Amino acid sequence: MSGPLVDKHILLGVTGSIACYKAIDLASKLVQAGALVDTVMTYGATQFVTPLAFRSITHREVVTDTFDPNSQYTHEHVALARQADIVVIAPATVHTIGKLAAGLADDPLTTTIIATTAPVLVAPAMDANMYDNPATQDNLAVLRRRGMTIVGPASGRLASGLTGKGRLVEPVELLGHISALLGRDGDLAGKTIVVSAGGTMEPIDPVRVITNHSSGKMGYAVAEAVRDRGGSAVLVTAPTGLPDPPLVRVVRVKTAQEMCDAVLGEVKQADALIMAAAVADYRPEVEAGQKIKKSSDDMVISLAKTTDILEAAQGNFVKVGFAAESQNLVENAKDKVKRKNLDLIVANDITEPDSGFGTDTNRVTLISRDLQVQELPLLTKYEVGNEILDRVRELLKS
Ligand code: CTP
């Protein structure tokens with residue numbers, strides 16, 4: 001297993017809110033991502049969910065009592081604080097936020113937090129009026145000023161029946177924030193990398209488009225990997241079914257021309273461009289203003305060539321292309337390195353069952369500017385992203 005959370009000690013603080021049920025899901029997702037999760041629950045949290053739920057998922061001790069004589073952490077109550085790579089309080093109630101702002105330490109969670117030097121992420125959950133209260137806002141401002149990261153709350157329907165700001169941010173989104181926080185001093189800190197993703201859509205008429213099978217997963221995974229190494233990721237994406245990755249700046253486009261404009265604009269301030277998008281090579285010459293009605297038995301649509309974005313993107317940045325091939329993989333990819341003046345190309349055979357469109361894995365071959373070929377094994381798209389970024393980092397150094 002690989003990824004930003006593998007073998008990371010995560011101290012999950014759970015406080016008394018109905019959103020505690022989501023903390024169980026968060027613990028599960030963290031464990032699945034390879035993290036070692038120690039849970040500390042306040043008394044209030046134990047009224048909503050049981051310590052057993054967390055113990056069953058994390059397979060580690062759950063601390064609920066600072067003075068529990070049977071706990072392995074009793075004699076050194078700051079042991080958890082010391083071993084944590086990150087502390088995540090989810091959900092964080094208004095009361096715990098207030099205690100943290102005041103510097104109190106009267107339960108196992110606040111005692112641990114005041115003793116930690118690890119980054120602390122606070123995910124508030126409360127009713128809208130409680131969140132809007134000036135006392136809460138002041139306390140959150142204090143925590144922010146002290147370097148804690150506040151994520152959320154999100155807006156929506158609240159347990160009270162009110163609609164407003166107060167919902168705990170979804171676990172999958174918290175996962176992105178946790179990965180980013182753990183990697184904030186990574187080897188791409190200070191670098192901006194533009195990544196394109198998805199298959200462009202070229203309109204025929206107001207109803208129909210020409211597009212391709214790209215899911216966007218490869219580009220999104222690269223953008224997340226940039227973020228998790230401390231870099232600023234700008235994701236220029238054609239429509240996909242994927243959620244926006246947290247802490248990645250997303251620029252939405254539809255057509256090849258829109259993608260071209262966005263990429264050429266963004267790359268002016270960037271250190272690297274990674275074109276993972278499947279850009280249409282041709283678009284309908286004219287877009288019909290009205291829906292084309294069915295008439296004759298056959299139909300011809302006249303197509304015009306789109307701009308090649310990689311070829312058009314010139315400047316002082318590292319340029320990485322992809323080559324999706326169904327035959328003569330290496331020769332075709334080498335040709336694209338030269339034609340598009342690339343520092344690196346990532347070639348994959350789209351006919352392989354576990355690679356290419358829609359899968360979570362990819363088997364790629366990397367080819368450098370001097371046409372050196374390196375075949376990589378089957379990897380997750382996130383791992384492929386990191387392999388590409390290892391090369392990009394080396395190129396940025398030289
Ligand atoms: N690309 C681009 N602009 C285009 C078409 C492609 O920037 N109008 C980029 C893709 O994002 C990819 C690389 O060029 O990084 C190669 O794309 P690919 O479709 O494999 O190659 P093409 O240049 O389109 O050539 P062919 O279709 O003949 O294989």
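Me: Why is helix 10 called oblique to helix 14 in this predicted model?

Reply: Start with the angle. The axes of helix 10 (residues 217–228) and helix 14 (residues 381–397) cross at roughly 60 degrees and come within 8 Å. Roughly parallel needs an angle under 35 degrees, and roughly perpendicular runs from 65 to 115. Because roughly 60 degrees falls in neither range, helix 10 counts as oblique to helix 14.

Me: And what is the handedness of the crossing of helix 10 and helix 14?

Reply: Right-handed.

Me: What makes helix 1 roughly parallel to helix 3?

Reply: Again, look at the crossing angle: the axes of helix 1 (residues 20–32) and helix 3 (residues 51–58) cross at roughly 15 degrees, coming within 9 Å. The cut-off for roughly parallel is under 35 degrees, so helix 1 is roughly parallel to helix 3. The crossing of helix 1 and helix 3 is right-handed.

Me: On to the ligand. How do you know that the side chain of aspartate 281 makes a polar contact with the ligand?

Reply: An N or O atom in the side chain of aspartate 281 sits 2.8 Å from an oxygen atom of the ligand. A polar contact needs a pair of N or O atoms within 3.5 Å, so this pair qualifies.

Me: What about the side chains of threonine 306 and lysine 336?

Reply: For threonine 306, a side-chain N or O atom is 3.4 Å from a nitrogen atom of the ligand. For lysine 336, a side-chain N or O atom is 2.7 Å from an oxygen atom of the ligand. With the cut-off at 3.5 Å, both pairs count as polar contacts. As for cover, the ligand has 570 Å² of accessible area on its own, and the protein covers 80% of that.

Me: Which elements give two or more residues to the shell around the ligand?

Reply: They are helix 12 (309–312), strand 17 (318–325) and helix 13 (329–339). Strand 17 gives the largest share, four residues. In total, 17 residues surround the ligand, with Met275, Ala277, Phe322, Lys336 and Lys340 the closest.

Me: How do the residues of the shell divide into nonpolar, polar and charged?

Reply: Nine are nonpolar, three polar and five charged. Among the closest residues, Met275, Ala277 and Phe322 go with the nonpolar group, because Met, Ala and Phe count as nonpolar. Lys336 and Lys340 go with the charged group, because Lys counts as charged.

Me: Now the backbone. What is the omega behind calling the bond from alanine 90 to proline 91 cis?

Reply: Omega is near 0 degrees for that peptide bond. Proline 91 is part of strand 4 (residues 86–92).

Me: Where is proline 153, and what is omega for the cis bond joining glycine 152 to it?

Reply: Proline 153 is in the loop between strand 6 (149–150) and strand 7 (154–157). Omega between glycine 152 and proline 153 is about 5 degrees.

Terms used:
Residues are numbered from 1 along each chain as its sequence is written. This is a predicted model: local features need pLDDT of at least 70, side-chain atom pairs count only at pLDDT 80 or more; totals for chains, interfaces and linings use all residues. Side-chain values use heavy atoms; hydrogens and water are left out. A residue is near a molecule or strand if one of its heavy atoms lies within 4 Å of it. A polar contact is a pair of N or O atoms within 3.5 Å; within protein, one must be able to donate a hydrogen and the other to accept it, and residues adjacent in sequence count only if both atoms are side-chain atoms. Accessible areas come from the Shrake-Rupley method with a 1.4 Å probe; for residues, only the protein chains shown count as cover. Axes are lines fitted to C-alpha atoms, for helices over the stretch in contact, and angles run from 0 to 180 degrees between N-to-C directions. Angles under 35 degrees count as roughly parallel, over 145 as roughly antiparallel, 65 to 115 as roughly perpendicular and the rest as oblique. A crossing is left-handed if the near helix is turned anticlockwise from the far one by less than a right angle, and right-handed if clockwise.
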